[in-house]
Amino acid sequence: MRRSRQSRRNDWPGEFDLRSEHGVRAAYAMHGPELYRFALRQLGDEGRARDVVQEVFLRAWRAAESFDAEVGSLRVWLFAIARNAVVDEVRRVRARPVRLVDDRALATLAHGDLAHDESVMTSWLVEEAMRRITPEHRAALVETYLRGRPYPEVAHEQEIPVGTLRSRVFYGLKALRLAMDEMGVEP
């Protein structure tokens, strides 16, 4: 006797029940790196690829009830979500292009009142840390935090809401702190 479609949806392959934290972690451990490489090949940006993988597992968790193991494997389902997430990311970037800051301007902005050697080292560290964060976060930090421009003006220029710009500055500062921690810079 054939089971109903709803009961098949509740059959999760092995430990990959995406309705639980353990299942999401297991699925990420099994498929996360492969999804990241897929996203990186498509987007060519490590930060955006990480965001896409995060979005894939968030969407999978939200739609866990719609997964049907008889229609396709978990891997196939996750890659279908990844493909859609990549398309959404490309559309988002095209709709809101980010103006990148060149390295020379970034180094100039990083100069402070410190002695020359320390100033050069600080500039290099900030510049290197800024390269490790996403272009959206970098542009938000440079325009608002380093250049001191008003949020509404920068948000209008980047064609994003002020709240989005504030979020980018907040998460950009967190990402910058993490990058500097990874580089061994102490506060």
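**View 1. Aromatic pairs in the predicted model.** In this predicted model, the count of aromatic pairs comes to four. Two of these pairs, Tyr28 with Phe57 and Phe38 with Phe79, are described in the views that follow.

**View 2. The edge-to-face pair of Tyr28 and Phe57.** The ring centres of Tyr28 and Phe57 are 5.3 Å apart, and the planes meet at 70°, which is edge-to-face because the angle is over 60 degrees. Tyr28 belongs to helix H2 (residues 21-43) whereas Phe57 belongs to helix H3 (residues 46-62), so this contact ties together parts that are 29 residues apart in sequence. Tyr28 is partly exposed, with a relative accessibility of 43%, while Phe57 is buried, its relative accessible area being 8%.

**View 3. The edge-to-face pair of Phe38 and Phe79.** Here the centres of the two rings, Phe38 and Phe79, lie 5.5 Å apart with 70° between their planes, and the pair is therefore edge-to-face. Phe38 is located in helix H2 and Phe79 in helix H4 (residues 74-95), so that the pair ties together parts 41 residues apart in sequence. Phe38 has a relative accessible area of 16% and is buried; Phe79, at 18% relative accessibility, also counts as buried, because the cut-off for that class is under 20% relative accessible area.

**View 4. Arg166 over the face of Tyr151.** This view turns from ring pairs to a charge over a ring: Arg166 lies over the face of Tyr151, at a distance of 4.5 Å from the ring centre, and the distance cut-off applied to CZ of Arg is within 6 Å of that centre.

Definitions and conventions
Residues numbered from 1 in each chain as written. Predicted model: local features only at pLDDT ≥ 70, side-chain atom pairs only at ≥ 80, totals over all residues. Heavy atoms only, no water. Phe/Tyr/Trp six-rings, centres within 6.5 Å; stacked < 30°, edge-to-face > 60°. Helix = DSSP H or I, 4+ residues; strand = E, 2+ residues; numbered from the N terminus. Buried < 20%, exposed > 50% of the residue type's maximum accessible area, 1.4 Å probe, protein only. Lys NZ or Arg CZ within 6 Å of the ring centre and 35° of its normal.
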